[in-house]
Amino acid sequence: MLNIAENLLNISKSLKLDEFDGAKKAFKKLMGDVTTLQLDDSEFVLEKNIFKIRTLGAKKVRILMCLTDIQTRMKENLILSNFILRL
């Protein structure tokens, strides 16, 4: 019985990771489309439903300049509509 529970737990974890991977890919694509910047995985963090930007300098300024457009497109995107962007 314990083995079945562990397998179910592992399956649910992998489903959640796939959902987060899809959201990360969609977010990176959106950022590239709007700001023409390519963010590395180390430059942002996804915690629960919040994307936290960790980049500094010119990239952060470029993101700030396009912030309203980014937020609008996030709301329109089915995958990203439930996520929040925090700088």
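Being four residues apart in helix α3 (residues 67–76), D69 and R73 are separated by about one helical turn; helices here are DSSP runs of H or I with at least four residues, strands are runs of E with at least two, and both are numbered from the N terminus. The two side chains form a salt bridge in which the closest N and O atoms lie 3.7 Å apart. The term salt bridge is used for a side-chain nitrogen of Lys or Arg within 4 Å of a carboxyl oxygen of Asp or Glu. D69 is partly exposed, at a relative accessible area of 32%, and R73 is partly exposed as well, at 35%. These classes rest on relative accessible area, with buried meaning under 20%, exposed over 50% and partly exposed in between (1.4 Å probe, protein chains only).

A word on the model helps before going further. The structure is a predicted model, in which local features need pLDDT of at least 70 and side-chain atom pairs count only at pLDDT 80 or more, while totals for chains, interfaces and linings use all residues. Residues are numbered from 1 along each chain as its sequence is written, and side-chain values use heavy atoms, with hydrogens and water left out.

Across the whole structure, the search finds five salt bridges, and the pair in helix α3 is one of them. Another joins D33 and K29, with an N to O distance of 3.1 Å. These two residues belong to helix α1 (residues 2–35), and because they are four residues apart there, about one helical turn separates them. D33 is partly exposed, with a relative accessible area of 44%, whereas K29 counts as exposed at 54%.

A further salt bridge brings together the side chains of K59 and E43, again with 3.1 Å from N to O. K59 lies in helix α2 (residues 58–65) and E43 in the loop between α1 and β1 (44–47), so this pair ties together parts that are 16 residues apart in sequence. K59 is partly exposed, with a relative accessible area of 23%, while E43 is buried at 13%.

The loop between α1 and β1 also holds T36. Although T36 is not a glycine, its phi is positive, at about 60°. As general background, most residues other than glycine have a negative phi. T36 counts as exposed, at 58% relative accessibility.

K48 offers a second example of a positive phi in a residue other than glycine, with a value near 55°. Its place is in the loop between β1 and β2 (50–53), and the hairpin of these strands has two residues between them. K48 is exposed, with a relative accessible area of 72%.

Turning to the strands, β1 and β2 pair in the antiparallel sense over four bridges. Two strands are taken to pair if DSSP finds at least two bridges between them. Within this pairing, F44 has I53 of β2 as its bridge partner. Strand β2 is also joined to strand β3 (residues 84–86), here by three bridges and in the parallel sense. In that second pairing, K52 has R86 of β3 as its bridge partner. Strand β2 thus appears in an antiparallel pairing with β1 and in a parallel pairing with β3.
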